[in-house]
Amino acid sequence: MRIAFLGTGRMGTELALHLLSDHQLTVWNRTREKTSRLAEAGASVADSPAEAVTGAEVVISSLFGPPAVRETITGPELIPDGVPWLDATTVSPADAEEFAAAVPGYVGVPVVGSLGPARQGRLGVYVGTPDARLRELATELVAPWADPQRLRGVGSGREAATGKLLANLALAISAQGLREALALGDAVGASGEEVLDMLGSTGLDFIAGMKGPFVRGERSTDGGDFTANAIAKDARLMIDTVQAAAAEQDGVRPGSDLPALRGALASLDAEIAADHGEDDFSTILLPGAEPTDG
């Protein structure tokens with residue numbers, strides 16, 4: 001198929017590379033240099049989003065949040081009539097509803113996972129649309145980057161967006177839990193390695209295994225898999241979503257202010273303020289990580 005792929009940052013590039021063996025790809029990114037890997041692999045590079053989508057049978061996007069989607073796609077009414085639009089951008093449920101109303105062929109396809117699973121074709125992927133035909137088409141297109149056991153069709157872009165935010169909420173809060181476990185261990189004289197080992201039989205086992213190489217100094221956070229900027233942006237989407245819902249409801253559900261997530265966001269924001277925003281978000285776990293007021 002002739003596919004236009006908009007947004008070739010770290011994740012977008014990995015997703016697009018999986019499509020090149022079977023499809024004719026035209027790519028666009030605001031910073032043209034970020035299309036270089038795809039150009040070297042055989043993709044055509046467009047000078048503008050409008051040029052990229054000209055003649056495309058499908059448009060796929062992986063942009064940095066809802067404002068970029070509005071600026072690049074829905075604002076200028078970029079998607080040609082009748083062309084499916086698969087959006088891998090992390091957005092809120094309300095954003096997904098807005099985009100689906102603007103473009104009949106909208107399918108939310110947010111991914112769950114970082115660069116390593118993306119390269120291996122082992123990401124979790126939600127495929128959200130009420131149109132069964134579109135869902136089948138989208139599922140086939142995203143399958144090369146998905147773990148078959150974690151490729152899930154759902155009935156709307158809103159539902160897909162919800163699944164993605166829940167996944168990243170769990171990731172952010174568990175990372176904050178690991179940060180605090182390391183702080184507790186340090187206070188009682190336990191090394192980082194000892195803390196990681198003792199967490200093996202706890203609910204923090206998964207995040208300890210994932211982020212252990214950063215804690216041990218085996219990996220640098222420079223150019224990391226999932227940046228502090230990116231997960232902080234997602235955390236704000238979650239907080240805004242809950243605040244908007246609470247404003248419309250008479251009763252406030254316990255925890256609706258998302259205090260645990262706010263603690264994680266405070267840690268991330270401290271690292272971003274210290275110019276570590278483009279580092280892997282494991283930066284919050286390292287010795288010398290910026291203190292927070294939370």
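Does Thr13 count as buried or exposed, and at what relative accessibility? I will start with that residue and then go through the rest of the chain. Please keep in mind that this is a predicted model.

Thr13 sits in helix α1, which covers residues 10–17. Its relative accessibility is 5%, and the cut-off for buried is under 20%, so Thr13 counts as buried. Leaving aside residues up to four places away in sequence, Thr13 touches Thr8, Lys34, Arg37 and Leu38.

Now the chain as a whole. Its secondary structure consists of twelve helices and nine strands. The radius of gyration is 20 Å, and the globule rule gives 19 Å for 294 residues, so the chain is as compact as a globular protein of that length. Measured out along its principal axes, the C-alpha trace spans about 65 × 50 × 35 Å. Of the 294 residues, 50% count as buried. The accessible surface comes to about 13800 Å², and carbon and sulfur atoms account for 51% of that.

Two more values for the whole chain. Take the contacts between residues at least 6 apart in sequence: 61% of these join residues at least 24 apart. As for charge, the chain has 23 positive and 41 negative charges, and the mean positions of the two sets are 3 Å apart.

Next, helix α5, residues 93–102. Which of its residues are buried? They are Pro93, Asp95, Ala96 and Phe99. These residues cover an arc of only 155° around the axis, which puts them on the same side of α5. As general background, an α-helix has 3.6 residues a turn, so residues three or four places apart point the same way.

What do the buried residues of α5 pack against? Three of the partners are helices: α4, at 66–74, α8, at 157–187, and α11, at 228–248. The others are the strands β5, at 85–87, and β6, at 106–108.

One of those partners, α8, also holds Ser174. Ser174 counts as buried, because its relative accessibility is 17% and the cut-off is under 20%. Apart from residues up to four places away in sequence, Ser174 touches Leu204 and Ile207.

Let me return to the region around α1, this time from the side of helix α6, residues 115–120. Arg119 lies in that helix. With a relative accessible area of 46%, Arg119 is partly exposed. How far apart are the C-alpha atoms of Arg119 and Leu15? They are separated by 7.9 Å, although the two residues are 104 residues apart along the chain. Arg119 also touches Glu14 and His18, again not counting residues up to four places away in sequence.

Last, two backbone angles. Most residues other than glycine have a negative phi. Glu77 has a positive value, with phi near 50°. Leu258 has a positive value too, with phi near 55°.

Where are these two residues placed? Glu77 is in the loop between α4 and β5, and Leu258 is in the loop between α11 and α12, the latter at 259–276. Are they buried or exposed? Glu77 is exposed, with a relative accessible area of 69%, whereas Leu258 is buried, with a relative accessible area of 15%.

That is the end of the tour.

Key: Residues numbered from 1 in each chain as written. Predicted model: local features only at pLDDT ≥ 70, side-chain atom pairs only at ≥ 80, totals over all residues. Heavy atoms only, no water. Helix = DSSP H or I, 4+ residues; strand = E, 2+ residues; numbered from the N terminus. Rg over C-alpha atoms; globule rule 2.2 N^0.38 Å. Buried < 20%, exposed > 50% of the residue type's maximum accessible area, 1.4 Å probe, protein only. Contact = heavy atoms within 4.5 Å. Areas by Shrake-Rupley, 256 points an atom, 1.4 Å probe, with all protein chains shown as cover. Lys, Arg positive; Asp, Glu negative; His and termini not counted. Charge placed at Lys NZ, Arg CZ, Asp CG, Glu CD. Arc of directions from axis to C-beta.
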